[in-house]
Amino acid sequence: VEELAGEYEGRVKFGKLNVDDNPAIASKYAIRSIPTLMVFKNGGMVDQLIGVRPKTDIKKALDKNL
């Protein structure tokens, strides 16, 4: 994800959330597994990847929502 943040700089904002420190947000989005990557567009979640995924899968999720 850190590599992708550099590749998509200026087009995608990346954020990280510690679910132990933010249980209300984890509950709101029904995060049950770590890691969970969520893609938001215009304020709404448009995609979600659960578990460790290859870089290519993450790029596909980002590209289809740009």
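Of the residues lining the largest pocket, 20 are nonpolar, seven are charged and five are polar. Keep in mind that this is a predicted model. Besides that pocket, there are a few backbone spots to look at: a cis peptide bond between Ile 34 and Pro 35, plus positive phi values at Ala 30 and Asn 42.

**The largest pocket**
- Its volume comes out at about 1,100 Å³.
- The lining of the largest pocket takes in 32 residues, and the ones nearest the centre are Gly 15, Lys 16, Thr 36, Leu 37 and Met 38.
- Three elements each give two or more residues to this lining: α1 (2-7), β1 (36-41) and α3 (55-65).
- The top contributor is β1, which puts in six residues.

**The loop between α2 and β1**
- Pro 35 sits in this loop, which follows α2 (23-28).
- The bond joining Ile 34 to Pro 35 is cis, with omega at about 0°.
- Ala 30 belongs to the loop between α2 and β1 as well, and its phi is near 55°, a positive value for a residue that isn't glycine.
- Ala 30 counts as partly exposed because its relative accessibility is 41%, between the 20% and 50% cut-offs.

**The loop between β1 and β2**
- Asn 42 is the residue to look up here, in the loop that leads from β1 to β2 (44-50).
- Phi of Asn 42 is near 55°, again positive in a non-glycine residue.
- With 79% relative accessibility, Asn 42 is classed as exposed, since the cut-off for that label is over 50%.

**Why flag these backbone spots?**
- Most residues other than glycine have a negative phi, and most peptide bonds are trans.

Terms used. Residues numbered from 1 in each chain as written. Predicted model: local features only at pLDDT ≥ 70, side-chain atom pairs only at ≥ 80, totals over all residues. Heavy atoms only, no water. 1 Å grid on protein atoms, 1.4 Å probe; cavity = no way out; pocket = protein on both sides within 12 Å on 5 of 7 lines; lining within 4 Å. Points joined across faces, edges and corners; volume = space filled by probe spheres on them. Helix = DSSP H or I, 4+ residues; strand = E, 2+ residues; numbered from the N terminus. Nonpolar A, V, L, I, M, F, W, Y, C, P; charged D, E, K, R; others polar. Buried < 20%, exposed > 50% of the residue type's maximum accessible area, 1.4 Å probe, protein only.
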